[in-house]
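Me: I'm new to this structure and would like to understand the words people use for it. Could you take me through a few of them?

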Amino acid sequence: MSTPTEGWHGWDAYARFYDWENAQTVGRRDVRFWADLAARADGTVLELGCGTGRLSVPVARKARRFVGIDRSAAMLRKLRARLRRARLTGRASIVRGDIRVLPFRSDWRCRLAMAPYGMLQSLLTDDDLAATLDGVARVLAPGGILGVDLAPGLPRWGEYSRRVGLRGAMSGGRRVTLIESVRQVPRRGLTVFDQEFVETRRGRRKSHPVSIAFRTLSVPQMVARIEAADFAVDAVLGGYQDEAWSPDADVWVIIARRS
Ligand SMILES: C[S@@+](CC[C@H](N)C(=O)[O-])C[C@H]1O[C@@H](n2cnc3c(N)ncnc32)[C@H](O)[C@@H]1O
């Protein structure tokens, strides 16, 4: 498969399987962390790359007001249905847009901007990261919080080809098998996941290929980029329960404050 040229490529095709896969991987382990940050924010919460709303619904329940932005219409369709089911449409809104050019009025402000689940790793160049962080700095009220988490060590993953990752049932009597390959593209600092979701229903088999690329900076590099956008970094954690950070931690969490 060819390497995606943009970090937002692939997510439309992934949307159909995203919740099924992530219920079995990340599950709910980050939910309380983000919901607690939202409860403390005391104002509008902006989720960058809100996707299908895995976190948006619990976060919107705690936030005074919630706005989620994502570029993928297919991911947002699922979020919209979720917000309706949770009766949260009154205080939660969804914006389809690109986080590199936040489409908000010049006087619009939020108190917390969250980029969970490796979201900033979907920005494949330094220019994209700088544009996003500058935009977030513009919409955060002074003293407002930027929360970021990163999936560590992706560049250290060994490459593999067509490994059966997950197998199971989805709604509507569908059976799904995920066959996954991982490629490193060191020249561009990217890790590419080539996934094939094979869906079977009533004896019919359909293949859904999905390719997604991520760029992983080290924590010192990411901290430097965040500080360059006029934030002061308050904390760097190695987990969702205040664990100390180390390069080998399961997750890297950065909390920064708008100067
Ligand atoms: C890892 S998912 C996270 C979804 C959700 N926050 C969660 O925790 O489950 C990343 C999301 O970022 C979106 N995305 C990637 N690049 C984007 C961009 N440049 N602008 C807006 N959304 C983007 C994708 O469509 C996808 O929904």
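Me: Why is Asp42 called exposed?

Reply: Happy to help! This is a predicted model, and in it Asp42 has a relative accessible area of 52%. Exposed means over 50%, so Asp42 earns the word.

Me: What makes the contact between Asp42 and Arg64 a salt bridge?

Reply: The distance from N to O is 2.4 Å. The cut-off for a nitrogen of Arg and a carboxyl oxygen of Asp is 4 Å, so this pair counts as a salt bridge. The two residues sit in distant parts of the chain, 22 residues apart: Asp42 in the loop between helix 2 and strand 1, Arg64 in the loop between helix 3 and strand 2.

Me: Is Arg64 buried or exposed?

Reply: Arg64 is exposed, because its relative accessible area of 56% falls in the range over 50%.

Me: Why is Glu196 called buried?

Reply: Its value is 14%, and buried means under 20%, so the word fits Glu196. Glu196 also forms a salt bridge with Arg162, with the closest N and O atoms 2.9 Å apart. That pair links strand 8, where Glu196 lies, to strand 6, where Arg162 lies.

Me: Why is Glu6 called partly exposed?

Reply: Glu6 has a relative accessible area of 24%. Partly exposed covers what lies between the 20% and 50% limits, so Glu6 belongs there. Its salt bridge with Arg100 has closest N and O atoms 2.8 Å apart. Both residues belong to a network of salt bridges that also includes Arg71, Asp98 and Asp128.

Definitions and conventions. Residues are numbered from 1 along each chain as its sequence is written. This is a predicted model: local features need pLDDT of at least 70, side-chain atom pairs count only at pLDDT 80 or more; totals for chains, interfaces and linings use all residues. Side-chain values use heavy atoms; hydrogens and water are left out. A salt bridge is a side-chain nitrogen of Lys or Arg within 4 Å of a carboxyl oxygen of Asp or Glu. Buried means under 20% relative accessible area, exposed over 50%, partly exposed in between (1.4 Å probe, protein chains only). Helices (H or I, at least four residues) and strands (E, at least two) are DSSP runs, numbered from the N terminus.
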